[in-house]
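I opened the notebook to look up how the core is put together and where a few of its neighbours sit.

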Amino acid sequence: MDPTTDRLKTPRAAGMAGVAFALLLGAAIVLMRISIPGDAADAAIDQDRRWAVQLALQIVPFAGIFFLWFMGALRAHTGAAEDRFIATVFLGSGFVFVATLFAAAAAAGTVLNEETPSDFGRHYAYTLLATYAMRMAAVFVLATSMIGRTLGVFPRPLAMLGTLVGLVLIVVGAGVPWSEMLFPAWALVISLYILRVRRAAAPADGSGTP
């Protein structure tokens, strides 16, 4: 197989997986927000919108799977030139994010199955997602932006955008409603950029693949 084609497939895989992850996680967050209005840590689940929570819990595992694919494809794209220290932070934060995301979904599912959901259970699930998972997401965004800036994989404005998003997520956390949407929005922007670069590079390398 042509090694040039292999190099082009990697960014395309990263882009497609990133788009899928961004859309799925964004949808899950929106569904959770509409079913738990106001201060999600203290509000009760709207009984008429329990379906939204159930659907969100079905979406989360697929979002995690696509995120892992997104991570792997991005790391393969950087190749042997990546800095080991930053790469360790990149991998560690990504794995902890997925683990915390799944734990939050499992906790929310347990609360949903209770006849009378406890305040503790709701608070626990919400804290896992909005505080711990999002702060790990912030570290992942910062590490990815640093790698992109150092290796020239991302243009300077895109790297700066990632740094800003990471700082907002790590400082704000759960303090501002809907702030967690910054992470899937960032992933979508990065993925669309990768796909655009891939399309531009394909004709130049003579692959002829759309």
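The entries below go from the core to single residues.

I worked on a predicted model, where local features need pLDDT of at least 70 and side-chain atom pairs count only at pLDDT 80 or more, while totals for chains, interfaces and linings use all residues. Residues are numbered from 1 along each chain as its sequence is written, and side-chain values use heavy atoms, with hydrogens and water left out.

Core. I looked up the largest nonpolar core (buried Ala, Val, Leu, Ile, Met, Phe, Trp, Tyr and Cys residues joined through side-chain atoms within 4.5 Å), and found that it has 49 residues, of which Phe21, Leu25, Phe67, Phe97, Phe183 and Trp186 touch the most other members. At least two residues of this core come from each of α1 (3–35), α2 (50–78), α3 (84–112), α4 (119–151), α5 (156–172) and α6 (182–204), helices being DSSP runs of H or I, at least four residues, numbered from the N terminus. The largest share, 11 residues, is supplied by α2.

Phe183. Leaving aside neighbours within four places in sequence, I find Phe183 in contact (heavy atoms within 4.5 Å) with residues including Phe21, Leu25, Phe67, Phe97 and Leu169.

Leu169. This residue of helix α5 has a relative accessible area of 2% and is therefore buried, the term meaning under 20% with a 1.4 Å probe and protein chains only. Leu169 and Ala138 lie 31 residues apart in sequence, yet 5.4 Å apart in space, C-alpha to C-alpha.

Phe154. I place Phe154 in the loop between α4 and α5, where its 7% relative accessibility counts as buried. Not counting residues up to four places away in sequence, Phe154 touches Thr144, Gly148, Ile190, Tyr193 and Ile194.

Notes:
Buried < 20%, exposed > 50% of the residue type's maximum accessible area, 1.4 Å probe, protein only.
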